[in-house]
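Subject: A structure for you to explore

Hi there,

Here is the structure I promised to pass on. Have a look at it first, and then read my notes below.

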Amino acid sequence: METKLKIALQKSGRLYDDSVKILKECGIELQNGMNKLLNEAINFPMQILFLRDDDIPQYVEDGVADIGIVGENIVYETNKNVEIIEKLGFGKCRLSVAVPRNENYADAQFLNGKRIATTYPFLLQSFLDKNKVTAEIHEISGSVEITPGVGLADAICDLVSSGSTLFSNGLKETEVVLNSQAALIGNKDLSSEKQLLLKKLLFRIQAVKKAKK
Ligand code: PRT
Ligand code: ZN
């Protein structure tokens, strides 16, 4: 049987369009009318798995997918044993700490003893440790930006791109914990056939990136 490279992409959401687009720009065409979770390229030995972005690093670590496209924020938060192969230049954002606009924030020490709401507890804890800050992390699954306004938290740690969500919730960005963009990640133990296919794909991705500069 022919070896196929299995790539995991976000099923829907902010990275979906650009992920499919970059394959297309690499000359890789998907089949029409296949099911929404699994597709197969017409003109490249590749299968495409569509998943929730949070699950992609685990699937790649386990080898269920060989490679994947996901935000670096997810890669570092999930802390799985995968390789970051190439940054892809889209999905740019930063993971930042924000506090109510009227607060006097001088430095990270402000956060000592405070309650911070986030969906990124691992990255936030690393940031606090690095700054020798002890704070209470409240892990929640969404709408982080409303928590200070309703008295559930004193600060937040969340993704920011334009800053308009922070602004409209009366918050200001005070620290960048991580700069992030979409990246191609890979399993660390690919067969030599798969490595060869990955090399072909990477060559095309790099050409596409170069053409855009
Ligand atoms: O369903 P699934 O779990 O796959 O998707 P999801 O809802 O978890 O993720 P999704 O689709 O929202 O985001 C996917 C990835 O896009 C993230 O992991 C980041 O790598 C990247 N990305 C880039 C962003 C943003 N920019 C972004 N602005 N992800 C989220 N946001 C949110 C942020 O959380 C906040 O609510 O947008 C709001 C802030 O935006 P601004 O422009 O107001 O600052
Ligand atoms: Zn997600």
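Please keep in mind that this is a predicted model. A good place to start is strand 11 (residues 182-186), where five of five residues are buried. A182, L184 and G186 point one way from this strand, while A183 and I185 point the other way, and all of them are buried.

Which strands pair with strand 11? Strand 4 (residues 67-71) runs antiparallel to strand 11 and is joined to it by five bridges. Within that pairing, G186 is the bridge partner of I67. Strand 5 (residues 83-87) is also antiparallel to strand 11, with four bridges between them; here I84 stands opposite I185.

I185 turns up again when you look at the nonpolar cores. The largest of these has 26 residues, and I7, V60, V70 and I185 have the most contacts inside it. Two or more residues each come from strand 1 (5-10), helix 1 (16-25), strand 3 (46-51), helix 2 (56-62), strand 4, helix 3 and strand 11. If you leave aside neighbours within four places in sequence, V70 is in contact with D53, I56, P57, V75, A182, A183 and I185. There is also a second, separate core of 21 residues, and I116, L124, A153 and L171 are among them. As background, nonpolar side chains in soluble globular proteins tend to be buried together.

Next, find the open sheet of five strands, which has the order 8-7-9-6-10 and mixed pairing. Why do two of its strands have one side without a neighbour in the sheet? Strand 8 (136-139) and strand 10 (171-180) stand at the edges with a single partner strand each, so one side of each is left free of a sheet neighbour. From one strand to the next, the twist averages 25°. Inside this sheet, strand 7 (residues 115-118) and strand 9 (residues 155-160) pair in the parallel sense over three bridges, and I116 has A155 in strand 9 as its bridge partner.

Strand 9 is worth following to ligand 1 as well: it gives the most to the shell there, with three residues. Helix 3 (72-78) and helix 5 (164-168) each supply at least two residues of that shell. Of the 21 residues around ligand 1, those that come nearest are G13, G71, C93, S162 and T165. By type, the shell divides into five nonpolar, 11 polar and five charged residues.

Enjoy exploring, and send me your questions!

Best wishes

Definitions and conventions. Residues numbered from 1 in each chain as written. Chains lettered and ligands numbered in written order. Predicted model: local features only at pLDDT ≥ 70, side-chain atom pairs only at ≥ 80, totals over all residues. Pairing = 2+ DSSP bridges. Axes fitted to C-alpha atoms, helices over the stretch in contact; angles between N-to-C directions. Buried ≥ 20, exposed ≤ 12 C-beta atoms within 10 Å, placed from the backbone. Near = placed C-beta within 6 Å. Nonpolar A, V, L, I, M, F, W, Y, C, P; charged D, E, K, R; others polar. Core = buried A, V, L, I, M, F, W, Y, C linked by C-beta atoms within 7 Å. Contact = placed C-beta atoms within 7 Å.
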